[in-house]
Amino acid sequence: MSNMEGADKLRAYLRTIRDAMQAASTVHCVVGNESADLDSMASAVMHAYSRGSTNAQNDAAFVPLINIPRADFKLRTEAVFLFNEAGVEPDLLLFADEVDLAKLHSEGRLKLSLVDHNKPAAAHSKFESAVAEIVDHHADEGLYHDAALRVIEPVGSTATLVAEAILDGHEDLLDEGATKLLLGTILLDTVNLDPEAKRVTPKDERVAAKLLALSGVDQQELFDAVQSEKFNVSALDTADLLRKDYKEWQIGEYRIGISSVLLSVGDWLKKDPALSGALTTYAEARNLDLLLAMNAYTAPKFTRELVVYCPDQSLREKVLQFLEQSELQLQSIDAGDIDESTALYFQGNPAISRKKLQPMLAEFLVKL
Ligand SMILES: [Mn+2]
């Protein structure tokens, strides 16, 4: 088990990818799906590592591409944590804003390996002809039947399928870091292999059991750590908290944005006493008439709060009156010297999520 210590093998491979991409006559870019969740990132890295370390074609490079701009990586707090645990610092990774796929494609050097999706994202649709490999656990869209590798199975995590291929004869690639990266991802996706969550399949169980035996990692400890890091936003400032999980709509003449924020309003104000100013900056940069933050946290009960930022007094009065009379069951939170453009509420009805609030608000705004 000497190869199990550290992450030297995975790290050594990742250090080669930039040069390999320059030199190789064929560059297999391994990309995850648009949401760029942990499964997409870890599967991209591990599939590229596995194929790059075992393929016989010397003139082909396998390069994992993390499908978000580098600046957004820190927002995926569970990925930051698990990659770090696996010995992979962000500077060993390549991000969407750092690789010119169009140039590789026009040079005739691009091949795409899709992991964690089986139809290219809109941004990649012009590279359709380059799709060469698919490893995924989503519903099969029935495309690319001629792909050189086409593995689509409804398991709990794409990482399970990537790990299965490595365990089949290439166990030597599984240093401690590589194993943790796969295992932490499978555990997060399957809610710690819990049958009640209805994500786990026998294959996830079998693969996870092998990885656990190889690594000696404590399953519960690793799951708890990754799961809690998903909600650990302590490293993020207000602008990052707002953009971490953000959606925007044009409703009639109004542009509105709604962020989900995993923090109580009280903790947010403690972290950022200049909250109003930060909301102004965020809303102005996006030309918003209305910016809402839906704060949600568990302490110990699931709780929702609502922040409403609206600089236009007349619109603000109407929106606040509408929200206060709605089924949200709002109660004002008194927060000293917050700017008048911003209203803070405790939300008595925790069942109203963004999915429900957005259409309510849209219906109201179109009638204004
Ligand atoms: Mn997935």
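**Manganese site and pockets in a predicted model**

Modeller: Along the chain, the donors of the manganese ion are spaced D-x76-D-x20-H. This is a predicted model, where local features need pLDDT of at least 70, side-chain atom pairs count only at pLDDT 80 or more, and totals for chains, interfaces and linings use all residues. Residues are numbered from 1 along each chain as its sequence is written, and side-chain values use heavy atoms, with hydrogens and water left out.

Biologist: What makes Asp39, Asp116 and His137 donors of the manganese ion?

Modeller: Donors are N, O and S atoms within 2.8 Å of the metal (3.2 Å for Na, K and Ca); water is not among the atoms, so sites may look incomplete. Asp39 (OD), Asp116 (OD) and His137 (NE2) coordinate the ion at 2.2 Å, so they count as donors.

Biologist: Why is aspartate 39 called buried or exposed?

Modeller: Buried means under 20% relative accessible area, exposed over 50%, partly exposed in between (1.4 Å probe, protein chains only). Aspartate 39 has 0% relative accessibility, so it counts as buried. Aspartate 116, at 1%, is buried too.

Biologist: How do you know which class of residue the lining of the second largest pocket lacks?

Modeller: Ala, Val, Leu, Ile, Met, Phe, Trp, Tyr, Cys and Pro count as nonpolar, Asp, Glu, Lys and Arg as charged, and the others, Gly among them, as polar. That lining divides into eight nonpolar, five polar and no charged residues.

Biologist: And how does the lining of the largest pocket divide?

Modeller: Into seven nonpolar, four polar and 13 charged residues.
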